[in-house]
Amino acid sequence: MANNTTVICPSPMKATSNGVFQGDNPLHFALPLVILQICLVVTLTRILAYFLRPLRQPRVIAEIVGGILLGPSALGHNKDYINAIFPAKSLTVLDTIANLGLLFFLFLVGLELDPKSLRRTGKKALSIALAGITLPFVIGIGTSFVLKETISKGVDGPPFLVFMGVALSITAFPVLARILAELKLLTTDIGRMAMSAAAVNDVAAWILLALAISLSGSGRSPLVSLWVFLCGCAFVLVCIFAVRPVFKWMVQRCPEGEPVDELYVCATLVAVLAAGFVTDTIGIHALFGAFVLGIIVPKEGPFAGALVEKVEDLVSSLFLPLYFVSSGLKTDVTTIRGAQSWGLLVLVISTACSGKVIGTIVVSLFCKIPLQEALALGFLMNTKGLVELIVLNIGKDRGVLNDQTFAIMVLMAIFTTFITTPIVMAVYKPAKRLSKDYKYRTIERKDPNSQLRLLTCFHGTRNLPTMINLIEASRGTEKRERLCVYAMHLMELNERPSAILMVHKARNNGLPFWNKGQQSGNNQVVVAFETFEQLSRVAIHPMTAISAVTTMHEDICTSADSERAAMIILPFHKHQRLDGTFETTRSEYRLINQQVLVNAPCSVGIIVDRGLGGSTHVSASNLDLVVTVLFFGGSDDREALAYGIRMVEHPGITLNIIHFLPSAELQGEIVRVDVNNDSNTSAGPTEDKFIAELKLKILSYSSIKYQERVVGNAAETTALIREFSQCNLFLVGRRPQGQIAASLNVKSDCPELGPVGSLLVSPDFSTTASVLVVQQYHGLKLPNSSVGLSKVVMLPEEESEIS
């Protein structure tokens, strides 16, 4: 019998309006409504992320919660709001744009995963990954039987079992990387183990998801699911053996240091859409094709970086948040009511946590990982995120999950991710592991023949020639122990997916590398350090610090402590332009320098680069530098002078020491220049003894020229300094002592350089000499927070080189 029920479908929305002055409501048209929706969700999620930042939560938590708040669980209770901002007729457009953004985001996630690193995954990480998938999957299937008998009656059995197993066994690889970064565990042993295991888990989860999707089809015959799965496998093989060679061909035609051809970028983005179309046609999901295509793109060269640069900002900032709204509109927390529903929520959370945590801990202990690290690893592997939402949304769209089950699973994903950071911070505290035998924290020391350890930091290739030439000048004579230098590349970690791509390179190579936009710097850095180490008597150990700018100083100070460095050398936050003036490179770099000066466990030097030795590394036989030490008095000046004495042992160094003495008019009480309330030792017997020993050393070095010059005011001091402006390097203390230094009333916006350093870099002082401003360590201790969780990756080193 015919059904006479009339179904009224909403009329389709037109794209653009004629404007309010012609009587059109912009909210009744697709384009202005989508613009409003994007602005609303981006604003809300960024506000939530700001308030969650003190709790060190990843941004995905704010995005998921923001989507839920905009949906029927909170604001959606107001029917006027939901009908105006998210009317039913707009959801098709919203979902389409959200899935298009998600398509390209999953392509970026695929770019993060390097198949080569998966093949190199160690047995421990592989075992942990398998345990972290198998046990939760089995427990998820067990939980699904309970849900099927209570709130999910009538659902199709096999797809529901597999979807629940996949949902509980997933580890969110990108979200895990963010949490590790926040905890500064990204490149520690436990961080590398977690990242390797999560990468394997991510690939396995997508395979299981493809299986679940093929089983959830509405085909009349079981053979349909088999055909879907086999066609999916065929698609992967075609991508590997037919599409990947094309990408390799493109990469070979994109040389380092040159922009990537726009045609190749366009062809790749079209290929992503085509891959999504093929997998959607097969019946898996369009996202699967984009993810596979991202994995097979070669990670070598600038090609992958160019793709990320073109796609990520627009996708992750504007389009991806729409997916969280789309998911939030399907999440109605109010459907969880009654003791049974809340009991099932507790059951799902308990089984999700216990499966991941227990499985990971057991295998970790079996692999002889300490209990503390095993506990942390277990909770880290329990991180959920975007991939979890994708699984749940696909299950919801295909009718496998009902509203109540969907809401329970979303809350489970939020809870398990939210608790990860505080629990790991509570159970894993490597802050106790500090260097016990840290004897030499300054260059000035009783035993001048002991090994000198330097931690030199650089942001990119711009700082490289001067840093290497400074290291060459510091290596001393063959009579001393070999100079040991830790060359640390400071790499900013931000919210971009490409930051995780950079982490992969650091973890795999252990070498410094440059920003994705300047890939050519990578090889230059590696070759420069390797060549210098082979040609000199210096042990070079490349390191990479990956951190947010606000906490980068913690990594520098922690590394200096763990490597027992005598001095940290930092680049000035400004660089010299062609006309000789200084231009700010990044203002954030200044904050790093200031924080290191306060918290460093050793002496600190800030190098103002004016091209020390030229734009290339100068070999030992060709090195010819004139170094001038301006000595006013105080511990910082003594440290600068001790460094100069170390340098003059190099046969290519000539050292000028200018000891400033006050004239008869200035004779009287010696006062101290106070920069930022830092302390400095006063003049007295220690300084007199130091000068006396210096005069004895001068007799052994013909290349030292020592002068005591009397000055009566700032003008005479400046004029005297100008006499030596033709040197190559000035060595000065940051906090000089005495009335002469106090009379230098130099206006400067850089107190970290001190009065003398500020004079030497001021526009009024004409010189081509670089300046090294030195602050001597005087017993400051690191705050507890700054020596907590180091995340520095190093090359393997031979113990014989450091001794």
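## Close-up views of a predicted protein chain

**Figure 1. The whole chain at a glance.** In the protein chain, 82% of the contacts (heavy atoms within 4.5 Å) with a separation of 6 or more are between residues 24 or more positions apart. This is a predicted model, where local features need pLDDT of at least 70 and side-chain atom pairs count only at pLDDT 80 or more, while totals for chains, interfaces and linings use all residues. Residues are numbered from 1 along each chain as its sequence is written, and side-chain values use heavy atoms, with hydrogens and water left out. The chain has 28 helices and 13 strands; these are DSSP runs, numbered from the N terminus, with helices (H or I) of at least four residues and strands (E) of at least two. Of the 803 residues, 57% are buried. Here "buried" means under 20% relative accessible area, "exposed" means over 50%, and "partly exposed" is in between (1.4 Å probe, protein chains only).

**Figure 2. Strand S1, covered on both faces.** S1 spans residues 453-458, and 6 of its 6 residues are buried. In a regular strand, side chains alternate between the two faces of the sheet. On one side of S1 you'll find Arg-453, Leu-455 and Cys-457, on the other Leu-454, Thr-456 and Phe-458, and all of them are buried. S1 pairs (DSSP finds at least two bridges between two paired strands) with S2, residues 483-492, through 6 bridges, and the two run parallel. Cys-457 has Met-488 as its bridge partner in S2. S1 also pairs in the parallel sense with S4 (residues 567-571), over 3 bridges, and there Leu-454 stands opposite Met-567.

**Figure 3. Strand S8 and its two partners.** S8 (residues 625-631) has 6 of its 7 residues buried, so it is largely enclosed by the rest of the structure. It pairs with S9 (residues 653-662) in the parallel sense, over 7 bridges. To get from S8 to S9, the chain goes through helix H23 (residues 635-647), and this β-α-β crossover is right-handed. That label means that, with the strands pointing away from the viewer, the path from the first strand over the helix to the second runs clockwise. S8 also runs parallel to S11 (residues 729-733), joined by 4 bridges. Keep an eye on Val-627: its bridge partner in S9 is Leu-655, and its bridge partner in S11 is Leu-729.

**Figure 4. Where helices H9 and H15 cross.** The axes of H9 (residues 189-215) and H15 (residues 371-380) come within 10 Å and cross at roughly 35°. Axes are lines fitted to C-alpha atoms, for helices over the stretch in contact, with angles running from 0 to 180 degrees between N-to-C directions. H9 passes H15 in a right-handed crossing, meaning the near helix is turned clockwise from the far one by less than a right angle. Ile-190, Met-193 and Ala-194 from H9 meet Glu-373, Ala-376, Leu-377 and Leu-380 from H15. By class, this contact has 6 nonpolar residues, no polar ones and 1 charged. In this scheme Ala, Val, Leu, Ile, Met, Phe, Trp, Tyr, Cys and Pro count as nonpolar, Asp, Glu, Lys and Arg as charged, and the others, Gly among them, as polar.

**Figure 5. Val-315, tucked into helix H13.** Val-315 belongs to H13 (residues 303-330). Val-315 is buried, with a relative accessible area of 5%. Leaving aside neighbours within four places in sequence, Val-315 is in contact with Gly-101, Phe-104, Phe-105, Leu-320 and Pro-321. Its C-alpha atom is separated by 9.0 Å from that of Leu-100, although the two are 215 residues apart along the chain.

**Figure 6. Helix H21 and a residue from H22.** H21 (residues 552-562) is mostly covered, with 10 of its 11 residues buried; among them are His-553, Glu-554 and Asp-555. Gln-595, in helix H22 (residues 587-599), is partly exposed, with a relative accessible area of 28%. The C-alpha atoms of Gln-595 and His-553 are separated by 6.1 Å, with their positions 42 residues apart along the chain.

**Figure 7. Residues with positive phi.** Most residues other than glycine have a negative phi. Arg-56, not a glycine, has a positive phi of about 60°. It is found in the loop between H1 (30-52) and H2 (59-70), and is partly exposed at 26% relative accessible area. Lys-368, also not a glycine, has a positive phi of about 65°. Lys-368 is in the loop between H14 (338-366) and H15, and is exposed, with a relative accessible area of 75%.
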